[in-house]
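Colleague: Hey, I'm new to this one. Could you walk me through it?

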Amino acid sequence: MPGRSAQDFSASRPAWEGYLQGADPALGKQLAASGKPAAGVQACVACHGQAGITPTGGIFPNLAGLTPEYIAKQLADFRQGTRKQALMNTVAQGLSEQEIGQLAAYYGSLAGPPLHVGETGGEAARKLDQIGDGARALPACANCHGLRGLGEGPLLPRLAGQSKEYFADQINAFRNGSRQNDDVGVMRAFAQRLTDSEVEALGQYYAGPR
């Protein structure tokens, strides 16, 4: 029997990392503007705005300001069905791996919306963002998402500038289990410990005034 080698203990890498290798953001911009009608993929700009900032808010997220890695992972999850949303599952399944990389590279190159974090939402939201609530085993949101929701690392998304409707929609999806692609279930656990009023306040805090 041969002995073990160092490679036997190498950490596996997610497939979506390969989608980003050599990805051309210019091709991603073209795809975002035109879609792939023959494959049932509508133009991304229809919901996410011309520059990745959704003009009307609502439950469509801003993609500008997110990292290429985060976008590639989410599209891969939609494609595989590990994150469920009917429209995005259809869109992602109509995209090739190369196209996912191109879209992620494009949107990851765009600046996020103007920041108004903390101007609304009140003291309760500020404390949850900066301090958390140890009695409920709620760490500060900033521990993972960066102070004032600016993002922390490639896979911990920016919350700043997302609409309060989208924020609440995703927290509720984690709460009810319809979204399950968080790392080891941490967001599902934290979402369960937030009250409805805290979810609303945090959504306002990160979104800022209209």
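**A pocket, two cores and a few odd residues**

Modeller: Sure, and keep in mind that this is a predicted model. Let's start at a pocket: helix 9 (164–176) and helix 11 (196–207) each supply at least two residues of the lining of the second largest pocket.

Colleague: How much space lies in that second largest pocket?

Modeller: About 400 Å³. It is lined by 21 residues, and the closest to its centre are Gly161, Ala207, Gly208, Pro209 and Arg210.

Colleague: And what's the lining of the second largest pocket like by class?

Modeller: It has seven nonpolar, eleven polar and three charged residues.

Colleague: Let's stay with helix 11 for a moment. Is Gln204 buried or exposed?

Modeller: In between. Gln204, which lies in helix 11, has 24% relative accessibility, so it counts as partly exposed.

Colleague: What is Gln204 in contact with, leaving aside its neighbours within four places in sequence?

Modeller: Thr120, Gly121 and Lys164. There's also a link across the sequence to mention: Gln204 and His116 are 88 residues apart along the chain, yet their C-alpha atoms are 9.9 Å apart in space.

Colleague: Okay, zooming out. How many helices and strands are there in the protein chain?

Modeller: Eleven helices and two strands. Going along the sequence, the pattern reads α-α-α-α-α-α-α-β-β-α-α-α-α. The radius of gyration is 18 Å, close to the 17 Å that the globule rule gives for 210 residues, so the chain is as compact as a globular protein of that length.

Colleague: What does the C-alpha trace span along its principal axes?

Modeller: About 55 × 55 × 30 Å. As for burial, 42% of the 210 residues count as buried. And if you take contacts between residues at least 6 apart in sequence, 65% of them join residues at least 24 apart.

Colleague: Where do the nonpolar residues go?

Modeller: As a general point, nonpolar side chains in soluble globular proteins tend to be buried together. Here, the largest nonpolar core has 25 residues. Those with the most contacts inside this core are Ala32, Ile71, Leu75, Leu95, Ile100, Leu103 and Tyr107.

Colleague: Which helices each supply at least two residues of this core?

Modeller: Helix 1 (16–19), helix 2 (25–34), helix 4 (68–80), helix 5 (86–93) and helix 6 (97–107). Helix 4 gives the largest share, six residues. Apart from this core lies another one, of 17 residues, among them Leu159, Phe167, Ala201 and Tyr206.

Colleague: Pick a residue from the largest core for me. What does Leu103 contact, leaving aside neighbours within four places in sequence?

Modeller: Leu103 is in contact with Gly28, Leu31, Ala32, Cys44, Leu75 and Leu95.

Colleague: And helix 4, anything there?

Modeller: Take Ala72, which sits in helix 4. With a relative accessible area of 0%, Ala72 is buried. Beyond its neighbours within four places in sequence, Ala72 is in contact with Trp16, Leu20, Ile100 and Ala104.

Colleague: How far apart are Ala72 and Ala201?

Modeller: They're 29 Å apart in space, C-alpha to C-alpha, and 129 residues apart in sequence.

Colleague: What comes just before helix 4?

Modeller: There's a loop between helix 3 (45–48) and helix 4, and Gly65 is in it. Gly65 is partly exposed, with a relative accessible area of 25%. Not counting residues up to four places away in sequence, Gly65 touches Tyr107, Leu110, Ala111, Gly112 and Arg158. The C-alpha atoms of Gly65 and Leu150 are 8.7 Å apart, although 85 residues separate the two in sequence.

Colleague: Switching topic: any odd backbone angles?

Modeller: Some background helps: most residues other than glycine have a negative phi. Ala137 is not a glycine, but its phi is positive, about 55°.

Colleague: Where is Ala137 found?

Modeller: In the loop between strand 1 (132–133) and strand 2 (138–139). Ala137 is partly exposed, at 43% relative accessible area.

Colleague: And what about Arg148?

Modeller: Arg148 also isn't a glycine, and its phi is a positive value near 60°. Arg148 is in the loop between helix 8 (142–145) and helix 9, and it is partly exposed, with a relative accessible area of 34%.

Terms used. Residues numbered from 1 in each chain as written. Predicted model: local features only at pLDDT ≥ 70, side-chain atom pairs only at ≥ 80, totals over all residues. Heavy atoms only, no water. 1 Å grid on protein atoms, 1.4 Å probe; cavity = no way out; pocket = protein on both sides within 12 Å on 5 of 7 lines; lining within 4 Å. Points joined across faces, edges and corners; volume = space filled by probe spheres on them. Helix = DSSP H or I, 4+ residues; strand = E, 2+ residues; numbered from the N terminus. Nonpolar A, V, L, I, M, F, W, Y, C, P; charged D, E, K, R; others polar. Buried < 20%, exposed > 50% of the residue type's maximum accessible area, 1.4 Å probe, protein only. Contact = heavy atoms within 4.5 Å. Core = buried A, V, L, I, M, F, W, Y, C linked by side-chain atoms within 4.5 Å. Rg over C-alpha atoms; globule rule 2.2 N^0.38 Å.
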